[in-house]
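Subject: Structure for you to look at

Hello,

Here is the structure I promised to pass on. Please open it beside this email and follow along.

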Amino acid sequence: MKVLLLTHGTYLQPDNIVVCNSVRAYYLSKGLLDNGIDVVHVYPEVLGPPTHNKEYILPRLSICTYKGKNNLAELIYQHNPDVLVIGYWELMEKLPDNITIPIVLDVVAPRVLEVIYQSDRSLDTEIQRMLNVYQRADRFITGNNKQRHFLLPWLILAGFDCRDNIPIDVIPISTEPGEAHSSISDKSIWRFVSGGVSWPWRRTENYFDALVHALGNLSDISGRLSLFSGKYAYSGENNSALKKPREDTWPDDIVQHNPLLPYRALEDYLSRQCDIGVELADRTIEREYSQS
């Protein structure tokens, strides 16, 4: 059996800064491969060339890029997969109009909940696009049960008969356990860490303000906050540490600003140089259903 996995993300290369789509695609592919299913990872050519480092490529996995709708159709018919797994909803619009291969759509991040925080996007337009896209799929994946419940009424609106069978499976975002490290009881500095790309629906300043204030008033121990931030990897802009206006008021001896790190470097930092990870943001409807 063969699956063609189409996503808006290059194949995961640990020495590069990666997006969530790449991480998601890698572990979905690994799960399929581990169960004897061959995988072809396909993504838009504009995102970058495929890796040729065999050290990183999973066994029985092929990597291809496409340029335009016609080229994608050629790739699909060339590989002749049994199933298409689409890892980003907008790519459904790139599929051939007359395709008959079963389609599984991964809706791991409810995009419409992000759109309501973007003033440059038309919510009505995006809603209609999504309904049209959902009508082309045969089955769906979400990252958690809350996303499954959120998706159900959309499928009913898209015309699915969900009385006896809800065509949604839950597959959480996956990773692999790292090496165990012995705890250090005598620490001179406790290092907190957080970061990522800043989005309109992910507002962290209030929590960081409180944390920085608390770290500045510690009397018995020392604490530091390391923030990793930068532009979205496919924005075309340079990767440099970004500061929001409020962050300029934070003391440099407490807060260290860093650019986004490559995947492997960040894993190493988190496992060996930090003590407490922080993922706190103002409550929004997007955060309610997100898979952080």
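Below is what I found in it, part by part. Keep in mind that this is a predicted model.

**Helix H5**

Start with helix H5, which covers residues 145–157. H5 has 13 residues. From first C-alpha to last it reaches 19 Å, close to the 18 Å expected at 1.5 Å a residue. There is a kink of about 25° at Leu151. The kink comes shortly before a proline, Pro153.

Look at the start of H5 next. A side-chain oxygen of Asn144 comes to within 3.2 Å of the backbone nitrogen of Lys146. At the other end, H5 is followed by Gly159. The phi of Gly159 is positive, near 105°.

Which residues of H5 are buried? They are Gln147, Phe150, Leu151, Trp154 and Leu155. Check their spacing against a rule worth learning. An α-helix has 3.6 residues a turn, so residues three or four places apart point the same way. What covers the buried residues of H5 includes the helices H3 (111–115), H4 (123–134) and H8 (285–289). Strands E6 (139–142) and E7 are also part of that cover.

**Pro167**

Move on to the loop between H5 and strand E7 (168–170), where you will find Pro167. Is Pro167 buried or exposed? It is buried, because its relative accessibility is 7%, and buried means under 20%. Beyond residues up to four places away in sequence, Pro167 touches Asp138, Arg139, Phe140, Leu155, Phe160 and Cys162. Take Phe140 from that list. Pro167 and Phe140 are 27 residues apart in sequence, yet their C-alpha atoms are 6.1 Å apart in space.

**The nonpolar cores**

Phe140 turns up again here. The largest nonpolar core has 36 residues. Leu105, Tyr134 and Phe140 have the most contacts inside it. Apart from this core lies another, of 23 residues. Tyr11, Ala25, Leu61 and Val104 are among its members.

Try clicking on Tyr134. Leaving aside neighbours within four places in sequence, Tyr134 is in contact with Leu105, Val107, Phe140, Leu151, Trp154, Leu155, Ala158 and Phe160. Three of these names should be familiar from H5: Leu151, Trp154 and Leu155 are on its buried list.

**His79**

Now go to helix H2 (residues 69–79), which holds His79. His79 is buried, with a relative accessible area of 14%. Its contacts, apart from neighbours within four places in sequence, are Lys2, Leu4, Val40 and Cys64.

**Salt bridges**

How many salt bridges are there? The count comes to 21. Here are three pairs and one network.

The pair Lys30 and Glu176 has its closest N and O atoms 3.7 Å apart. Lys30 sits in helix H1 (residues 20–34) and Glu176 in the loop between E7 and strand E8 (189–196), so this pair ties together parts that are 146 residues apart in sequence. Lys30 is partly exposed, at 21% relative accessible area. Glu176 is partly exposed too, at 41%.

Asp97 forms a salt bridge with Lys69, with 3.2 Å between the closest N and O atoms. Asp97 is in the loop between strand E4 (83–86) and strand E5 (103–106), while Lys69 is in helix H2. The two are 28 residues apart. Asp97 is exposed, with a relative accessible area of 66%. Lys69, at 34%, is partly exposed.

The third pair is Glu279 and Arg202, at 3.0 Å from N to O. Glu279 lies in the loop between strand E11 (276–277) and H8, and Arg202 in the loop between E8 and helix H6 (205–216), so the pair ties together parts 77 residues apart in sequence. Glu279 counts as partly exposed, at 40%.

The network links Glu90, Glu93, Arg121, Glu126 and Arg129.

**Arg202**

Stay with Arg202 for a moment. Why does this residue count as buried? Because its relative accessibility is 10%, and the cut-off for buried is under 20%. Which backbone oxygen does its side chain reach? That of Gly195, at 3.0 Å. Leaving aside neighbours within four places in sequence, Arg202 is in contact with Ser194, Gly195, Val197, Lys244, Glu279, Ala281 and Arg287.

Best wishes

Notes
Residues numbered from 1 in each chain as written. Predicted model: local features only at pLDDT ≥ 70, side-chain atom pairs only at ≥ 80, totals over all residues. Heavy atoms only, no water. Helix = DSSP H or I, 4+ residues; strand = E, 2+ residues; numbered from the N terminus. Buried < 20%, exposed > 50% of the residue type's maximum accessible area, 1.4 Å probe, protein only. Contact = heavy atoms within 4.5 Å. Expected span 1.5 Å × (residues − 1). Bend = angle between axes of the 7 residues up to and from the residue. Polar contact = N/O pair within 3.5 Å; in protein donor to acceptor, adjacent residues only side chain to side chain. Core = buried A, V, L, I, M, F, W, Y, C linked by side-chain atoms within 4.5 Å. Salt bridge = Lys/Arg side-chain N within 4 Å of Asp/Glu carboxyl O.
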